[in-house]
Structures are given as C-alpha cells and as structure tokens.
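Hello,

Here is the model I promised to send over. Have a look at it first, and then read on for what turned up in it.

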Amino acid sequence: MTDDSQAPLILITGGSRGIGAATARLAAAQGYDVAITYVSDESAALAVVADVEAAGRRALAVRADSADPGQIDGLFAAIDREFGRIDVLVNNAGVLAQQSRLEDLSFDRMQRIFAVNAIGPILFAQHAIRRMSHRYGGRGGSVINVSSASARLGSPNEYVDYAASKGALETFTTGFAREVAAEGIRVNCVRPGHIYTDMHASGGEPGRVDRVKESIPMKRGGQPDEVARAILWLAGAEASFITGTFLDVTGGK
Ligand code: NAP
C-alpha cells in the first residue's frame, strides 16, 4: 500500500559518487526520499545516505550491480519493503574502461560495458513499469536515462564501445518513452558532456576534462551539480508534457 502523503521516492543507480551522488543530494534538498545503488565504494554510499538524512529525508543505499538481475530483484524488494513506492528512476550508473584503439578492445570488456550501460537500464525499467504504470494500478512516474555526448560523437581512439552502449541506451529511451507514454510514465534522457568526476580516471586519464576543455564552446568542464539540476528538472512536474526527449548538458559541444 502506498500513502500519497509520503515524500516521493527517487531511485538513482550509481548514486554513491559523481553525477549520481550530486543528484541524490539535490533530490533530498527538493523533498525526495532517496534510494541509491553502488557496487564497490560503500563508504561513499554511506556518506550520501548521511547527507540525505541530514536534509530531513529518508535514504537507502543498496549494493546492486546493474549487470546482475538477481541483485536488481533484491534491490526492488528492499524498496517495496522500506518505502512502498517509487516515483522517479534515474538510470545513471555507467562504466568505461582504459582508453584504447578499437582493434584492442577485448570481448569481456565490451560485454561488461554493454551489460552495465545498456542492459542494466532496461532491467531497471522493467521493474519501474510494474510499479509506476497505470496498467498495473500505479500512479505514474518519471524515468531519466543518463547517456553521454559520446553517443553523438563516438569517442574515437578512446572508448567506442562505451559510446556505442550509450547509443543503445538512447534508442531504448525512445522506444520506452513511446511504449508507456499513455500509462503515466514519462521517459527522458540527459546527455552530459565533460564533467569533473572520477570516471575519467577509470579511462586512464584523471585530468581529461582539463585537457579537452578548450574544445568545449563554453571553454570549461561541467560540475556534477549542473547535470543533477537537469535530471531533476526533467523528473519533476515542470516537465509534465515532455517525454522521449534528449537534453544535452555539455557547454555547447
Ligand atoms: P563516476 O563518478 O565514475 O560514478 C559512477 C557511479 O556508478 C558510482 O556511484 C559507482 O559506484 C556506480 N557504478 C559503477 N558501476 C556500477 C554498476 N555495475 N552497478 C551499479 N553502480 C555502478 O561516474 P559519473 O561521471 O558520475 O557518471 C555517471 C553517469 O554519467 C554515467 O552513466 C556516465 O556514463 C555518464 N556520463 C559521465 C560523464 C563525465 O564526464 N563524467 C560524461 C558523460 C556521461 P561505486 O562508487 O560503488 O563504484
């Protein structure tokens, strides 16, 4: 049973660090209860939980690999138990790997990147539909997929597999949005550009944003909070007639 007097619940995958953590903290400030997933950095996840609770909202952090359907099932069972509702899903968790030429990408790496970045969001969407859709007695909801400008640019010489996985996520956004538009669920996509987070270190170049910033029309990288604001605007009532759209947060690139 859900209670309409409760705060809305936002689930953010990969909410322990970077853009996801910024979205979690801003969501709490805007009045959401917050559930986040993470895979490895428990202390970062617990710090986000502490900040959400300090803002007066309820928080839940669950270790759930976006590439593991069983762990995702367990996460949603915990959400049903703890909150009994879900209003917003942010498919934010994403991975890339060492900058490489196309011919050097391993099969295992490509499988992992597609599993986390493209298939994981589809698994989360399946759970969200069953809880949000009017078809199943839900009250509706909103989903934001976090893609990347790389879906347009292709990331040559760095990680074309990552860029291709984001292309898949974008096509999924379009189909998902159209399939559930009449069932009370809006589905949109944010495309960050070069944002100051730890992600670039996992590609082997922690200082990447500063290296490329002259190629950005605004001549600077973005902050996680600047992406979080776009995500939460699309999530909320101000975007009530917007579905199936793509919002670039790239400084013009
Ligand atoms: P980040 O700083 O590396 O943080 C990644 C987050 O995702 C962490 O919370 C991490 O958890 C979690 N995560 C990683 N793999 C996961 C998995 N298999 N299952 C569940 N959670 C997982 O990344 P970010 O830069 O904030 O990126 C967030 C999203 O924005 C990604 O989808 C990324 O592709 C996209 N994006 C980022 C940029 C950029 O410049 N930073 C640009 C374009 C798009 P742990 O803390 O446990 O590791």
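Which residues does tyrosine 32 touch, not counting residues up to four places away in sequence? Please keep in mind that this is a predicted model. The contacts of tyrosine 32 are Pro8, Leu9, Ile10, Ala27, Arg57, Val88, Leu232, Ala235 and Gly236.

Tyrosine 32 also belongs to the largest nonpolar core, which has 31 residues. Together with Ile10, Val34, Val190 and Ile231, Tyr32 touches the most other members of that core. At least two core residues come from each of β1 (9-12), α1 (18-29), β2, α2, β4 (88-91), β5 (141-146) and α9. There is a second core, separate from this one, with 27 residues, including Leu60, Phe76, Ala128 and Leu169. As background, nonpolar side chains tend to be buried together in soluble globular proteins.

Now the overall picture. The protein chain has nine helices and seven strands. Its C-alpha trace spans about 50 × 40 × 35 Å along the principal axes. For 253 residues, a compact globule would have a radius of gyration near 18 Å, and the 17 Å of the protein chain agrees with that. Of the 253 residues, 51% are buried. If you take the contacts between residues at least 6 apart in sequence, 73% of them join residues at least 24 apart.

Next, the charged pairs. Side chains of opposite charge can pair when their charged atoms come close. The structure has 21 salt bridges, and a few of them are worth finding on your screen.

Start with arginine 57, one of the contacts of tyrosine 32. Its side chain forms a salt bridge with that of aspartate 33, at 3.2 Å from N to O. Arginine 57 sits in the loop between α2 (42-54) and β3 (59-63), while aspartate 33 is in strand β2 (residues 33-38), so the pair ties together parts that are 24 residues apart in sequence. Are the two partners equally open to the surface, or is one buried and the other partly exposed? Arginine 57 counts as partly exposed, at 27% relative accessibility, whereas aspartate 33 is buried because its relative accessible area, 5%, is under the 20% cut-off.

Arginine 109 and aspartate 161 make another salt bridge, with the closest N and O atoms 2.6 Å apart. This pair links distant parts of the chain, as arginine 109 is in helix α4 (residues 107-132) and aspartate 161 is in helix α6 (residues 160-180), 52 residues apart. Both residues are buried.

A third pair to look at is arginine 220 with glutamate 226, whose closest N and O atoms are 2.8 Å apart. Here arginine 220 is partly exposed, at a relative accessible area of 35%, and glutamate 226 is partly exposed too, at 24%.

There is also a network of salt bridges that links Arg152, Glu170, Arg191 and Asp248. Within this network, glutamate 170 lies in helix α6 and counts as buried, at 10% relative accessibility. Leaving out residues up to four places away in sequence, glutamate 170 touches Ser147, Ser148, Ala151, Cys189, Arg191 and Phe246.

Back to helix α4, where arginine 109 is found. What span should the 26 residues of α4 have? At 1.5 Å a residue the expected value is 38 Å, and the end C-alpha atoms of α4 are 36 Å apart, which agrees. Even so, α4 has a kink of about 40° at isoleucine 119, shortly before proline 121.

Finally, two spots in the backbone. Most residues other than glycine have a negative phi. Serine 155 has a positive phi of about 50° although it is not a glycine. Serine 155 lies in the loop between α5 (150-153) and α6, and it is buried, with a relative accessible area of 8%. Lysine 219 has a positive phi as well, about 60°, and is not a glycine either. Lysine 219 is found in the loop between α8 (208-212) and α9 (224-235), where it is partly exposed, with a relative accessible area of 43%.

Happy browsing, and best wishes

Technical notes
Residues are numbered from 1 along each chain as its sequence is written. This is a predicted model: local features need pLDDT of at least 70, side-chain atom pairs count only at pLDDT 80 or more; totals for chains, interfaces and linings use all residues. Side-chain values use heavy atoms; hydrogens and water are left out. A salt bridge is a side-chain nitrogen of Lys or Arg within 4 Å of a carboxyl oxygen of Asp or Glu. Helices (H or I, at least four residues) and strands (E, at least two) are DSSP runs, numbered from the N terminus. Buried means under 20% relative accessible area, exposed over 50%, partly exposed in between (1.4 Å probe, protein chains only). The expected span of a helix is 1.5 Å times one less than its number of residues. The bend at a residue is the angle between axes fitted to the seven residues ending there and the seven starting there. A nonpolar core is a set of buried Ala, Val, Leu, Ile, Met, Phe, Trp, Tyr and Cys residues joined through side-chain atoms within 4.5 Å. Contact means heavy atoms within 4.5 Å. The radius of gyration is taken over C-alpha atoms; the globule rule is 2.2 Å times the number of residues to the power 0.38.
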